[in-house]
Amino acid sequence: MTETNATISFPPGRYGRRRDPRRRGPRWLPAALLTLVVLAGLGMAYQLNQQYGPTRPYHPTVERFYDLTDDQVVVQFTVRIPEGEAAICAVRARAADGREVGREEVRIDPPAGVTRPRITHRLATDARPTTGEVQRCWRAD
């Protein structure tokens, strides 16, 4: 038996009309849209970093919390403050179940020339805390 190379041809009109491949638009359009999405994402990342990132003024960093008892916690933290200004920081303590058991706003008046003062604050609590935090700091008026 010999093998032949036969071309398959369909009877005209039997299976519908064959269409030419459609052109979807300019070939550069997907690349341009991708570029716009990437640039928009980078712009949003920059904006969020300026608003919430570590370079913003009044940025607190908790170094440690210790001396946890049934009615207190000691929180040691540093805060970035612009030269010659004062800040207020919200310090809080939370229990093991996540509820807030202590909160206080602490005013920080750093000495002249100090922009990253280290603060040690004893926070009174209603119940035994498991953590001490500095939620945020802002400019004191």
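Here are a few friendly notes on this predicted model, from its sheet to its core and one buried arginine.

1. Some ground rules. Local features need pLDDT of at least 70 and side-chain atom pairs pLDDT 80 or more, while totals for chains, interfaces and linings use all residues. Residues are numbered from 1 along each chain as its sequence is written, and side-chain values use heavy atoms, leaving out hydrogens and water.

2. The sheet. Three strands form an open, antiparallel sheet in the order β1-β2-β5; strands here are DSSP E runs of at least two residues, numbered from the N terminus, and two of them pair if DSSP finds at least two bridges between them. β1 (60–69) and β5 (118–124) are the edge strands, each pairing on one side only. Strand β2 (residues 72–79) is joined to β5 by seven bridges, and Phe77 has Ile119 in β5 as its bridge partner.

3. The core. The largest nonpolar core (buried Ala, Val, Leu, Ile, Met, Phe, Trp, Tyr and Cys joined through side-chain atoms within 4.5 Å) has 19 residues, with Phe77 and Ile108 among those with the most contacts inside it. Beyond its neighbours within four places in sequence, Ile108 is in contact (heavy atoms within 4.5 Å) with residues including Phe77, Val79, Cys89 and Ile119.

4. The arginine. Arg92 sits in strand β3 and is buried at 15% relative accessible area, where buried means under 20% with a 1.4 Å probe and protein chains only. Its side chain makes polar contacts with those of Glu100 at 3.5 Å and Glu133 at 2.7 Å; such a contact is an N or O pair within 3.5 Å, one atom able to donate a hydrogen and the other to accept it, and residues adjacent in sequence count only if both atoms are side-chain atoms.

How values were computed:
Helix = DSSP H or I, 4+ residues; strand = E, 2+ residues; numbered from the N terminus. Buried < 20%, exposed > 50% of the residue type's maximum accessible area, 1.4 Å probe, protein only.
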